[in-house]
Amino acid sequence: MQQIIFFFLRNKNFLLFALLFVVSFMLTVNSHSYHKSKMVTSANFFSGGIYAMKSSVTDYFDLKEQNSILTEENERLRNLITNMTSAPLDSVQVDSNYNFTAAMVINNNYSRSKNNLTINKGRNDSLAVDMGVVSSQGVVGIVNSISEKYATVQSLLNTNSQVVAKFKKSNHFGTLKWDAVAPNRVQLTEIPRIAPVAIGDTIVTDGKSTIFPPGIHIGTIQDFERNPNEDYYTINVQLFTDMTSVKHIYVISHRDAQEIKNLQDTIENAQ
């Protein structure tokens, strides 16, 4: 103990300098958006490399489950292609404004209140912030930070996440949030009492933004309730995607996203 005290006394000037340097550095980063952006990008680059090495080891032990998921996805795609080619051309509607980029999850958090995933694609692959992320089963989250080769995704299991969702059988829509209780269940809010609600109803993306196309699966209604004094339901949604083991994902980009955003910003600024 005495040696430790002597060490601090001998090096007090250096330690004080180091402390002041760290404090000033953090204040500079937090007070300037440019520096903060560069700091986040650098952190993504280094952490992404570490997660990639870790993922290369753990992927081997997860091959059986992931191959099963990919086989099911291939089956659904084959059925979709068969149905499309057997239908009249004028009855097939495909939105060509969306592009899908395949990627892999190299780090995944799901035990916190604000969870994120790290994926092995980034700016070099034309990814950008606010792009939607889905798995073969359904919605996963939204890109919230990128570096050259990696990106982080704000998971559905994040108390800051808000996704516009609707009933597959109707146009009643609300906001999807998470109460930080269970990793396989989220909450659909702002659904009016006049909406027909039933356990087992499928919830999908609304498509009113450029983040997700309409009709991407999210989950099914597990249970619901409505306070007699309120006009809205409280709905628990069982997710289709297993957020604790998601591996293969797709990042969705809308070709006209920036043009639409610029137009909407112009209108908002004019008001």
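This is a conversation about the salt bridges and the burial of residues in a predicted model.

Trainee: What makes Arg123 and Glu148 a salt bridge?

Mentor: The cut-off is a Lys or Arg side-chain nitrogen within 4 Å of a carboxyl oxygen of Asp or Glu. Arg123 and Glu148 have an N to O distance of 2.7 Å, so the pair qualifies under that cut-off.

Trainee: Why do you say that this pair ties together parts of the chain?

Mentor: Look at where the two residues sit: Arg123 is in the loop between β2 (114-119) and β3 (132-134), while Glu148 is in the loop between β4 (139-146) and β5 (151-158). They are 25 residues apart in sequence, so the pair ties those parts together.

Trainee: Are Arg123 and Glu148 buried, exposed or partly exposed, and how do you know?

Mentor: Buried means under 20% relative accessible area and exposed means over 50%. Arg123 has 36%, and Glu148 also comes to 36%. Both values fall in between, so both residues are called partly exposed.

Trainee: How do you know that Asp231 and Arg193 meet in a salt bridge?

Mentor: Their N to O distance is 3.7 Å, and the limit is 4 Å, so the pair counts. The two residues link distant parts of the chain, 38 residues apart. Asp231 lies in the loop between β10 (217-225) and β11 (232-239), and Arg193 in the loop between β8 (185-192) and β9 (202-205).

Trainee: Why are Asp231 and Arg193 called partly exposed?

Mentor: Asp231 has a relative accessibility of 45% and Arg193 one of 44%. Exposed would need over 50% and buried under 20%, so "partly exposed" is the right term for each.

Trainee: What about Asp265 and Lys261: where do they lie?

Mentor: Both are in helix α5 (residues 257-270), 4 residues apart, or about one turn of the helix. Their side chains meet at 3.0 Å, N to O, so the 4 Å limit is satisfied here too. Asp265 has a relative accessible area of 25% and Lys261 one of 43%; because neither is under 20% or over 50%, both are partly exposed.

Trainee: How many salt bridges does the structure hold?

Mentor: There are 5, including the pairs Arg123 and Glu148, Asp231 and Arg193, and Asp265 and Lys261.

Trainee: And what does the protein as a whole look like in secondary structure and burial?

Mentor: It has 5 helices and 12 strands, and 33% of its 271 residues count as buried.

Methods
Residues are numbered from 1 along each chain as its sequence is written. This is a predicted model: local features need pLDDT of at least 70, side-chain atom pairs count only at pLDDT 80 or more; totals for chains, interfaces and linings use all residues. Side-chain values use heavy atoms; hydrogens and water are left out. Buried means under 20% relative accessible area, exposed over 50%, partly exposed in between (1.4 Å probe, protein chains only).
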